[in-house]
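This report goes through selected features of the structure shown below. A loop residue comes before the helix contacts.

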Amino acid sequence: MSKLYVVGFGPGGYDHMTMKAVDVIENADIITGYTTYVEMLKAFFPTKTYLSTPMKKEVDRCRLAVEKTLEGNDVAMVSSGDSGIYGMAGIVLQVVDEMKADIEVEVVPGVTAASAAAAVLGAPLMHDMAIISLSDLMTPLEQIMKRVECAAIGDFVVCLYNPKSKKRTDYVEQAAKIMMKYQSPDTPAGIVRHAGRAEESMTLTTLGQLKDAFIDMFSIVVIGNSKTYIKDGKMITPRGYKL
């Protein structure tokens, strides 16, 4: 019986792919995904058969993957990061159910952007945390900011995905203002661009200074909790061990 794999391949570099992800991609008959992600993989797996769709065609992409699996192919639906964190796992399972397709689906996890960014910054995610996407394409902005506020009230470390785009220029500033109702402006914050990729860079700053920092769609923003500190260029959130 053919199988549909939903594969998270990490930040984009081969060295961050799991052995399982590499094995599935190498042995799949067809690899499908968002055009940008497919282009990333072609550099490492040039002989594979690829099918891609552009942004906002996720449902079409999933139906195509299901159809190709039903035809008898092992298909790898790929996305960067982890397939189950803002990835394709959820929509694939929904589409399989909607199509009443009798196929097996296996979700293959990968290194998510939060983990990749945290490794660059030091150890900021060592205690309870919240990952929040600031993209309002499918979630109302009011609900997003409510989640930001709840995380700030709970003193969570907050990792912001999709922090800024050409249209969403001030969402990070809005989020920071909300968080500063409950946290000090001096709370450490880190910005990592292209986490885990060749262009990788990072900036250490504070919650109060986020409004002046360079942040774009390739950035991940990590905001510490009340115990987070910066030492020797590393952002650290203590777990609570007695030293």
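## Threonine 228

The model is predicted. Threonine 228 sits in the loop that joins strand 11 (219–223) and strand 12 (229–231). Its relative accessible area is 7%, and the cut-off for buried is under 20%, so threonine 228 counts as buried.

Two polar partners are found for the side chain of threonine 228. One is the backbone nitrogen of asparagine 225, reached at 2.9 Å. The other is the side chain of threonine 237, with a polar contact at 2.8 Å. Leaving out residues up to four places away in sequence, threonine 228 touches Val157, Pro188, Met235, Ile236, Thr237 and Pro238. Thr237 therefore appears both in this set of contacts and as a side-chain polar partner of threonine 228, whose burial is given by the 7% value.

## Helix 3 and helix 4

Helix 3 (residues 58–70) packs with helix 4 (residues 89–98) at an angle of about 60°, and their axes are 9 Å apart. Because of this angle, helix 3 is oblique to helix 4. The two helices cross in a right-handed sense.

On the helix 3 side, the contact involves Val59, Cys62, Arg63 and Val66; on the helix 4 side, it involves Ile91, Val92, Val95, Val96 and Glu98. By class, the contact residues are seven nonpolar, no polar and two charged. The charged ones are Arg63 in helix 3 and Glu98 in helix 4.

## Helix 5

Which residues of helix 5 are buried? In helix 5 (residues 113–121), they are Ala114, Ala116, Ala117, Ala118, Val120 and Leu121. Glycine 122 follows helix 5 and has a positive phi, near 135°.

## Helix 6 and helix 7

Helix 6 (residues 141–153) and helix 7 (residues 171–179) pack with axes 9 Å apart, at an angle of about 40°. Helix 6 is therefore oblique to helix 7. The crossing of helix 6 with helix 7 is right-handed.

Helix 6 contributes Leu141, Met145, Val148, Glu149 and Ala152 to the contact, and helix 7 contributes Tyr171, Gln174, Ala175, Ile178 and Met179. These residues divide into eight nonpolar, one polar and one charged. Gln174 in helix 7 is the polar residue, and Glu149 in helix 6 is the charged one.

Methods: Residues numbered from 1 in each chain as written. Predicted model: local features only at pLDDT ≥ 70, side-chain atom pairs only at ≥ 80, totals over all residues. Heavy atoms only, no water. Axes fitted to C-alpha atoms, helices over the stretch in contact; angles between N-to-C directions. Helix = DSSP H or I, 4+ residues; strand = E, 2+ residues; numbered from the N terminus. Parallel < 35°, antiparallel > 145°, perpendicular 65-115°, else oblique. Left-handed = near helix turned anticlockwise from the far one by under 90°. Contact = heavy atoms within 4.5 Å. Buried < 20%, exposed > 50% of the residue type's maximum accessible area, 1.4 Å probe, protein only. Polar contact = N/O pair within 3.5 Å; in protein donor to acceptor, adjacent residues only side chain to side chain.
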